[in-house]
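Reader: I'd like a close look at the salt bridges in this one, partner by partner. Could you walk me through them and then show how they sit in the rest of the fold?

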Amino acid sequence: MRTDSCVRLNRMLFGLLFLASLGFGQTPGDAFQRGNEFYRGGRIQDALNEYENILKQGYGSPELYFNIGNASYRLGKTAPAILAYERANRLLPGDPDIAYNLKLVNLKTVDRIEPVPELFVFQWLRVVSRLLSKDLTVNLFAASWLCLFLALALMYIVRRTVFTETLRWFALSGLSGIILIGGVWTLQAWVENAERDHSIVTAQVVTAKSSPDDQSVDAFVIHEGLKVRMGDSVGDWVRITLPDGKVGWIRSMQCERI
């Protein structure tokens, strides 16, 4: 477990929460600071309680989920730790500390399921979608539109000048940016939607059924911490798909969406 990175991320989040909480009696910042002190003092459960209180107030960030994962891991809570790290990873994909700790805590899970190999084209699309952050993608997309609009407007105003060729180049650049950045933005939305239905099994042992009925045939047995894909729901039953493609039904209370 990379505790040094935890301290670094703690400081980052504390600054953000301090600014955000100025109008609310500094409650989130105070809770976060107490959580840090408890964590450093070895009072891990108290630290976890403070971090979770911040979530209840509507604040969430990859740094906060990272710390919740660390505290849960220290307390031996495998499923909550994996869930927190997965949420942190979704908000901040590619972070080495999150990836390392997530890999570490996954070693404590019981199930070892080989996933169905993903087609190369889907792997490539995921890589492309992560070349830019969401915020940078939005800013570049807006800048491309602005470049195209200004270039076309100036071409209309200053016709037949020595700048016409240059303006055409800016217009083409803006149009190219709209197409390319727009494609990356679309890919990011596709990847986010594809991963939105994943959940973590939170019950210690779960017997999945072949249909949403207690009297149906047992499909397979899984354990806490396993990442599954959620599908259709019937009452309090939800259909899940394992990494190897197996399908079964479990109670919705036995898993939690990432």
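Author: Let's fix the term before using it: a salt bridge here is a side-chain nitrogen of Lys or Arg within 4 Å of a carboxyl oxygen of Asp or Glu. Keep in mind that this is a predicted model. By that criterion the structure holds nine salt bridges, and I'll take you through some of them.

Start with Glu 86 and Lys 227, whose closest N and O atoms are 3.4 Å apart, inside the 4 Å cut-off. This pair ties together distant parts of the chain: Glu 86 belongs to helix α5 (residues 78-91), Lys 227 to strand β4 (residues 227-234), and their positions lie 141 residues apart in the numbering. The two ends differ in cover. Glu 86 counts as buried because its relative accessible area is 9%, and buried means under 20%. Lys 227, at 33%, counts as partly exposed.

Helix α5 has a second link of this kind. Arg 87 meets Glu 256 in a salt bridge, at 3.0 Å from N to O. Again distant parts of the chain are joined, with Arg 87 in helix α5 and Glu 256 in strand β7 (residues 255-257), 169 residues apart. Glu 256 is partly exposed, since its relative accessibility is 36%.

The next pair is Arg 251 with Asp 236, where the closest N and O atoms are 2.7 Å apart. Arg 251 sits in strand β6 (residues 247-251), while Asp 236 is in the loop between β4 and β5 (237-241); they are 15 residues apart. Both count as partly exposed, Arg 251 because of its 21% relative accessibility and Asp 236 because of its 34% relative accessible area. This pair also has company: salt bridges with shared partners connect Asp 214, Asp 236 and Arg 251 into one network. As a general point, side chains of opposite charge can pair when their charged atoms come close.

Now for the surroundings, starting around Asp 213. The side chain of Ser 216 reaches the backbone oxygen of Asp 213 at 2.6 Å. Ser 216 is in the loop between β2 (205-209) and β3 (218-223), and at 12% relative accessibility it counts as buried. If you set aside neighbours within four places in sequence, Ser 216 is in contact with Lys 209, Ser 210 and Ser 211.

Back to strand β7 for a moment, by way of Asp 197. Asp 197 is found in the loop between α9 (164-196) and β1 (198-201). A polar contact of 3.3 Å joins its side chain to that of Arg 257. Leaving out neighbours within four places, the contacts of Asp 197 are Val 228, Arg 229, Met 230 and Arg 257. Val 228 is 31 residues from Asp 197 in sequence, yet their C-alpha atoms are 8.5 Å apart. With a relative accessible area of 32%, Asp 197 is partly exposed.

So much for the charged spots; here is some contrast. Helix α2 (residues 27-40) has 14 residues and spans 20 Å from first C-alpha to last, close to the 20 Å expected at 1.5 Å a residue. Its buried residues include Ala 31, Phe 32, Gly 35, Phe 38 and Tyr 39. In general, an α-helix has 3.6 residues a turn, so residues three or four places apart point the same way. Just after α2, Gly 42 takes a positive phi of about 85°.

On the outside, Leu 154, Tyr 156, Ile 157 and Val 158 make a nonpolar surface patch of about 410 Å². Leu 154 lies in helix α8 (residues 134-157) and counts as partly exposed, given its 40% relative accessibility.

Finally, the wide view. The protein chain has nine helices and seven strands, and 38% of its 258 residues count as buried. It exposes about 14,900 Å², with carbon and sulfur atoms supplying 60% of that. Among contacts with a separation of 6 or more, 58% are between residues 24 or more positions apart. The links from helix α5 to β4 and to β7 are the ones I'd pull up on screen to begin with.

Definitions and conventions
Residues are numbered from 1 along each chain as its sequence is written. This is a predicted model: local features need pLDDT of at least 70, side-chain atom pairs count only at pLDDT 80 or more; totals for chains, interfaces and linings use all residues. Side-chain values use heavy atoms; hydrogens and water are left out. Helices (H or I, at least four residues) and strands (E, at least two) are DSSP runs, numbered from the N terminus. Buried means under 20% relative accessible area, exposed over 50%, partly exposed in between (1.4 Å probe, protein chains only). Contact means heavy atoms within 4.5 Å. Accessible areas come from the Shrake-Rupley method with a 1.4 Å probe; for residues, only the protein chains shown count as cover. Patches are made of residues with over 30% relative accessible area and no salt bridge: like charges are joined within 9 Å, nonpolar side chains (Val, Leu, Ile, Met, Phe, Trp, Tyr) within 5 Å. The expected span of a helix is 1.5 Å times one less than its number of residues. A polar contact is a pair of N or O atoms within 3.5 Å; within protein, one must be able to donate a hydrogen and the other to accept it, and residues adjacent in sequence count only if both atoms are side-chain atoms.
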